[in-house]
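Biologist: Could you walk me through this one? I have a few loose questions and will jump between topics.

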Amino acid sequence: MDQKRKVYADNAATTAVSEEVLQAMLPFYREIYGNPSSLYELGQEAKAPLEQARADVAQCLGAKPNEIYFTSCGSESDNWAIKGAARAQRRKHGKTHIITSAFEHHAVLHTCEALEKDGFTVTYLPVHEDGLVRPEELSEAITEDTALVTIMYANNEIGTIQPIEELGRICKERGVLFHTDAVQAVGNVHIDVKAQNIDMLSLSGHKIHAPKGVGALYIRAGVFIENFMDGGAQERGRRAGTENVAQIVGLATAIKHATETIDQRIARLTPMRDRLIEGLSKIERSRLNGSREHRLPGNVSFCFQGIEGESLLLLLDMHGISGSSGSACTSGSLDPSHVLLSIGLPHEVAHGSLRLSFGDYNTMEDIDYILEVLPGIIERLRNMSPLWDAIRQGKVNYDEFM
Amino acid sequence: MAYSEKVMDHFANPRNVGEMKDFSGVGEVGNPKCGDIMRMYIKVEGDTITDVSFMTFGCGAAIATSSMATELIKGKPISEALKLTNKAVMEALDGLPAVKVHCSVLAEQAIKAAVSDYYTRLGIDPAPIVGEIPECEECGCSV
C-alpha cells in the first residue's frame, strides 16, 4: 500500500503555518527581539507591531483594539473567560449559575465542571439531533442567578453553526454575559461581536495557519472579569507575561487573511464538502452527523455502522489520508465522544465515526481520492466485523439512528 | 499512542481472518457498546486445533491481537491453547499501549469461549476443562 498521494483532512485539529505568516513572524526572533515593555528603540520597535496586531485582530471581529487580549491558546481563552467572568459575577452580584451546551469543547466543559466543584451550578443545554441549541431553551434556562452563558460558535466535531446572534440577543435582553468559543468559526463564518451581541469570544491561531501556542480573547469594554495571570502590566494588567510578539504578529497576519478571504473560502470549500457528503451518503447504513444546512464549509462528519473509528483511521492513514474519529478507542477512554452522544447516537453507532475537515490547502482532487479509497476500506472492515454480520442478519438494528 | 511494527503488520495483514463454515466451536466476546467484539472459530480434529479464524469489530489493537492469537493456537492441542494468556499475545506483538491491554484480554477470552462452545456441542460440560473465562478488568463488560 505505497500510495503517493497525501491528503491532510484534519484541518479542524490544526493547520500548517502559511508562508505569509512565517515571513511575518521571522523578524521578531532575531532582529526585532526587544521586550515591548522596554523604553529603548529595540523595545518600541516590537511594541508597535504588537499594537498593530491587536488592531488587526480587533478589526476582523468588529471590536476595538483595547478589547483584544492575547493568550497562549484557545483553551486558555476559554478558561480565562469562563472562570474570570463567573468568579467576578459571584463576587459582585452573588450569581452562581452558568449555562452552556452539552457538546462544548472540553476546554469549556471541564472548566464548567471545575466551577461546579467551586460551588457554581451549571445547566447543559441539549443540542438535539441536528446539533443545534434552541434559543427558546436558552431563554427558559436563564434565571436571576445566571452569571454567564457560554455556547460555542461552531462545533469542532460535527461542524454545526449555532444561532449566535439570536443567543447573544437573548443574553443581552436578560442582562447576562455571553461568551462564545469561536475557535472553529474564525475564517469560516462572518463574525461581528457588536452586531452579534457577543461579550467575550475565544479564538486560536493554529486553526487558521498561524502557529500553535497563540490565541486571543475578546472582552467587550465594560465587562469585568478577573485577571488570568498576575505579575505585569502586559495585556492591560490582566494577563501578565512578556508578549509572544512573533506569534501574535503571526496570529494577526493569519486572521487578517482568513477574514479577507472568507467568502472565497466558503465558495471553494462548500462544493467540496457537499460532494463528499453526497458520495459518503451512498454507503449503506451511513449517516451525516449534525445539521447539513447550518454547517462549517469544511466539515464532514459521518458514522458508519458495524465498524470502529480507530481501525478506519489507521487504514486511511495507510492510504495517505489524515482524519479523526470520536470513537472511544481514539479518545483513549471507554466512551465515544460526548459530542456524538449529545446528538442522540448510541455508543454502538458513535464508535464508527469519522471526521474529515478541509481547508485552504485541500482540492477537489482530495475529495475524489477520498471517495475512491474510503468505500473499499469500510467494506474491508465490515467484512471482518461480527457486528456488521449481526446487523446484516437483522440480529441488531441501528437504522432508527441513521 | 504508537503501535509496534508487529501490531501494524497484523492489523494491516490480518492472519486467519473471516468466517468459518464447518467449525467445531465458535465463541464471541466483548460487546458493541464498548466498541469491540471478537468472534473466534476453531476446527478441532482429535485434540488438535487444526484450523482457526476470527472476525473482529474494534480498533487496530483488537484486530491485531485477534490475528496474533489465531497464529499462536493454530495446530496446537486444545490444552495448550487454553494456556495462552493475554500477556503472551502482547509479548508476541512486541507490546501494546497501556490503554489497549484490554484487547489482548479479549483475545484470550475469545479462545476460551470457542473451546467452551466446542465442548458444549459435544455434550461435555466445559467448566471443569476451560475454567472461568476471566472478565476484562478494563471495562468489566460482560462476555
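**Contacts and context**

Modeller: Leaving out residues up to four places away in sequence, B:Ala62 touches B:Asp36, B:Met38, B:Thr56 and B:Cys103. Please keep in mind throughout that this is a predicted model.

Biologist: Where is the place of B:Ala62 in chain B?

Modeller: B:Ala62 belongs to helix H2 of chain B, which covers residues 60-73.

Biologist: And is B:Ala62 buried or exposed?

Modeller: B:Ala62 counts as buried, because its relative accessibility is 0%, and the cut-off for that class is under 20%.

Biologist: How far is B:Ala62 from B:Pro128 in space, C-alpha to C-alpha?

Modeller: The C-alpha atoms of B:Ala62 and B:Pro128 are 28 Å apart in space, while the two residues are 66 apart in sequence.

Biologist: Let's zoom out. How many helices and strands does chain B have?

Modeller: Chain B has six helices and three strands, and read from the N terminus the order of its elements is α-β-β-β-α-α-α-α-α. The radius of gyration of chain B is 14 Å, close to the 15 Å that the globule rule gives for 143 residues, so chain B is as compact as a globular protein of that length.

Biologist: What box do the C-alpha atoms of chain B fill?

Modeller: Taken along the principal axes, the box is roughly 45 × 30 × 25 Å. Within chain B, 57% of the 143 residues count as buried, and of the contacts between residues at least 6 apart in sequence, 61% join residues at least 24 apart.

Biologist: What about the accessible surface of chain B, and how much of it belongs to carbon and sulfur atoms?

Modeller: The accessible surface of chain B is about 6000 Å², and carbon and sulfur atoms account for 49% of that. As for charge, chain B carries 13 positive and 20 negative side chains, with the centres of the two sets 3 Å apart.

Biologist: New topic, aromatics. How many aromatic pairs are there over all chains?

Modeller: The count over all chains is five aromatic pairs. One of them is A:Tyr69 with A:Trp80, an edge-to-face pair with 5.6 Å from centre to centre and 85 degrees between the planes.

Biologist: Which parts of chain A does that pair tie together?

Modeller: A:Tyr69 lies in strand E2 (residues 68-71) and A:Trp80 in helix H4 (residues 74-93) of chain A, so the pair ties together parts that are 11 residues apart in sequence. Both partners are buried, A:Tyr69 with a relative accessible area of 1% and A:Trp80 with 2%.

Biologist: Anything like that in chain B?

Modeller: B:Tyr118 and B:Tyr119 form a tilted pair, 5.2 Å centre to centre with 55 degrees between the planes. B:Tyr118 is buried, with a relative accessible area of 12%, and B:Tyr119 also counts as buried, at 12% relative accessibility.

Biologist: Back to chain A: which residues form one aromatic cluster?

Modeller: That cluster is made up of A:Tyr69, A:Trp80 and A:Phe228.

Biologist: Last thing, backbone angles. What is phi of A:Asn197?

Modeller: Phi of A:Asn197 is near 55 degrees, a positive value in a residue other than glycine. Most residues other than glycine have a negative phi. A:Asn197 sits in the loop between strand E6 (177-181) and strand E7 (200-204) of chain A, and at 15% relative accessibility A:Asn197 counts as buried.

Biologist: And what about A:Arg285, where is that found?

Modeller: A:Arg285 is in the loop between helix H9 (262-281) and strand E9 (286-288) of chain A. Its phi is positive as well, near 50 degrees, whereas its relative accessible area of 24% makes A:Arg285 partly exposed.

Key: Residues are numbered from 1 along each chain as its sequence is written. Chains are lettered from A and ligands numbered from 1 in the order in which they are written. This is a predicted model: local features need pLDDT of at least 70, side-chain atom pairs count only at pLDDT 80 or more; totals for chains, interfaces and linings use all residues. Side-chain values use heavy atoms; hydrogens and water are left out. Helices (H or I, at least four residues) and strands (E, at least two) are DSSP runs, numbered from the N terminus. The radius of gyration is taken over C-alpha atoms; the globule rule is 2.2 Å times the number of residues to the power 0.38. Buried means under 20% relative accessible area, exposed over 50%, partly exposed in between (1.4 Å probe, protein chains only). Contact means heavy atoms within 4.5 Å. Accessible areas come from the Shrake-Rupley method with a 1.4 Å probe; for residues, only the protein chains shown count as cover. Lys and Arg count as positive and Asp and Glu as negative; His and the chain ends are not counted. The place of a charge is taken as NZ of Lys, CZ of Arg, CG of Asp or CD of Glu. Rings of Phe, Tyr and Trp (its six-membered ring) pair if their centres lie within 6.5 Å; planes under 30 degrees apart count as stacked, over 60 as edge-to-face and the rest as tilted.
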